2 protein chains.
Amino acid sequence: MDYENISAEEARRLVREGIITGDTVAVAKKYVQTNLVVLKKNLAYDFLLFCQRNPHACPLIEATDIGSPIPRISTPTGDIRTDLPGYRIWRNGELVDKVDNITKYWQDDMVAFLIGCSFTFERSLEMNGILMNKSTPSIYITNVQCIKAGVFEGPIVASSRIIKKNKVVRAVQVTTRYNATHGAPLHVGDPNDIGIADVTKPDFGNYHPIGEDEVPIFWACGVTPQAVAIKVKPEIMITHEPGYMFITDIVAEQITIL
Amino acid sequence: MDYENISAEEARRLVREGIITGDTVAVAKKYVQTNLVVLKKNLAYDFLLFCQRNPHACPLIEATDIGSPIPRISTPTGDIRTDLPGYRIWRNGELVDKVDNITKYWQDDMVAFLIGCSFTFERSLEMNGILMNKSTPSIYITNVQCIKAGVFEGPIVASSRIIKKNKVVRAVQVTTRYNATHGAPLHVGDPNDIGIADVTKPDFGNYHPIGEDEVPIFWACGVTPQAVAIKVKPEIMITHEPGYMFITDIVAEQITIL
């Protein structure tokens, strides 16, 4: 089944009904996809500031009103409790559960943060003949540090895409337009330069081998808050399963910078 | 005295010593200038969210750590209590004082929000032969509404620049690059379209007449929080005097999107 060209609303319905159960890299590619971070109100200010200070890793598309699971500005018919194919439940910095909806975990003092996902520029990479991803890219914890905000600190997590060497410049140009979903790369080239010791063992996602005429390009990734959670240990934090994103109603082409 | 080419640090020193006492439109033009909003911690979350939801009016360059008047990320040698040429003190939505430093008003639970100012793209407008402002532009309260966030709501305030008709396209291109300091215009053309009844009577700044071959272009403006304050009536709020900005150490060319 080809879900690339369906609407965001249709995609969310298929997720909710348990028909789409895996990653969303090739789903409803016209729309902005987002990572999810759910925190209780007492940590919301620090996290909002963390996003402001680290816009490459955490470009915030929307924060819901306190207590509301509905992203009423971008996606009024969406519900972040049910519309992602997979979630992770973190207690005191430990991953304690993986679920396919968070209705039973949602509380009245929670805020949902929707952070732009690089899946949003997949279609543009494809139309530019740069690459076509059919599964979640390799995702690594780097040694580049975020700027601390309140209690939140930790390393930037980066997604990697393997690109032909003669496409590097175009890949930088294309993704720069998408500054609301990570924008220009964090790094081009040697994974060691950003603290990735073994490129064959990604921390999340799937390993994609690097050919002779290819080079890896790394983009700051919205999985960053999951690496941060391990350091900060909030009493409770809910995130998406890496690669299993929330699909907003925003048409990607409408939030490019140029 | 020509202050256009001095450093940001020198400009802040001259302000602090009472040598620069007026608007900063032609001061240290290489650097990012910002509007100021100071609020107590209890309103900081709502205001931070207001900035996130209204990035054209309130593009946030930095929010200081709670209790700190030092923008340690962008401008570690700056102090927002003394480094602006003029401030406004608001109590319960009323303008109660105008001062040239806020040392006596600063409290340990305050946060300073630095919001990008369109003065930052003045040099680029000038180098493109579009216009050269020697005084604060006209600033108007429009009828375009901000997206509400918590208690904060109100109209967008816009600065206006009078441009030759054959320069409109270039003005849009040039300012789009400066998305961290309001970016592309809010409106081009008839002031009535955005609720400005009498263009000769700006709410802030100076009136600049419109010639036969000219058209006004409007940019969302960091004075917006002052119009919002009148509606929200925080117990205390401190802002800059319109046109009297904080000059950061950030080189403007380094935060353009492209």
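Here is a walk through a predicted model, starting with one strand, moving on to how chains A and B meet, and ending at a single glycine.

Let's begin with strand β1 of chain A, residues 31-40. This strand is mostly covered, with nine of its ten residues buried. Its strand partners are worth taking one by one. β5(A), which spans residues 110-116, runs antiparallel to β1(A), and seven bridges join the two. If you want a spot to click on, try A:Leu39, whose bridge partner in β5(A) is A:Val111.

Next, have a look at β11(A), residues 246-251. Here too the pairing with β1(A) is antiparallel, and three bridges hold the record of it. A:Thr34 is the place to look on β1(A), since its bridge partner in β11(A) is A:Phe246. Then there's β10(A), made of residues 237-240, which pairs with β1(A) over two bridges, again in the antiparallel sense. In that pairing, A:Val38 has A:Ile238 as its bridge partner.Now zoom out to the two chains. Two copies of a chain are related by a rotation about an axis and a shift along it. In this model, a turn of 180 degrees and a shift of 0.0 Å along the axis lay chain A on chain B with an RMSD of 0.0 Å. That is the relation of a two-fold axis. Want to find the axis from chain A? Go to A:Tyr45: its C-alpha is the nearest to the axis in chain A, at 2.6 Å.

What does the contact between the chains look like? On chain A, 14 residues are in contact with 14 residues of chain B. Both α2 (41-53) and β2 (60-63) of chain A supply at least two residues each to the side that touches chain B. α2(A) gives the most, with six residues. By type, the residues on this side of chain A divide into ten nonpolar, three polar and one charged. As for whether the copies use matching patches, 100% of the interface residues of chain A are also interface residues in chain B, so the copies meet through the same surface.

Last stop: A:Gly195, which sits in the loop between β8 (187-188) and β9 (214-220) of chain A. Is this glycine buried or exposed? Neither label fits, because a residue needs 20 or more other C-beta atoms within 10 Å to be buried and 12 or fewer to be exposed. A:Gly195 has 14, so it counts as partly exposed. Leaving aside residues up to four places away in sequence, A:Gly195 touches A:Thr142 and A:Asn143. A:Glu94, by contrast, is 101 residues from A:Gly195 in sequence and 23 Å from it in space, C-alpha to C-alpha.

Methods:
Residues numbered from 1 in each chain as written. Chains lettered and ligands numbered in written order. Predicted model: local features only at pLDDT ≥ 70, side-chain atom pairs only at ≥ 80, totals over all residues. Helix = DSSP H or I, 4+ residues; strand = E, 2+ residues; numbered from the N terminus. Pairing = 2+ DSSP bridges. Least-squares fit on C-alpha atoms with pLDDT ≥ 70 in both. Contact = placed C-beta atoms within 7 Å. Nonpolar A, V, L, I, M, F, W, Y, C, P; charged D, E, K, R; others polar.
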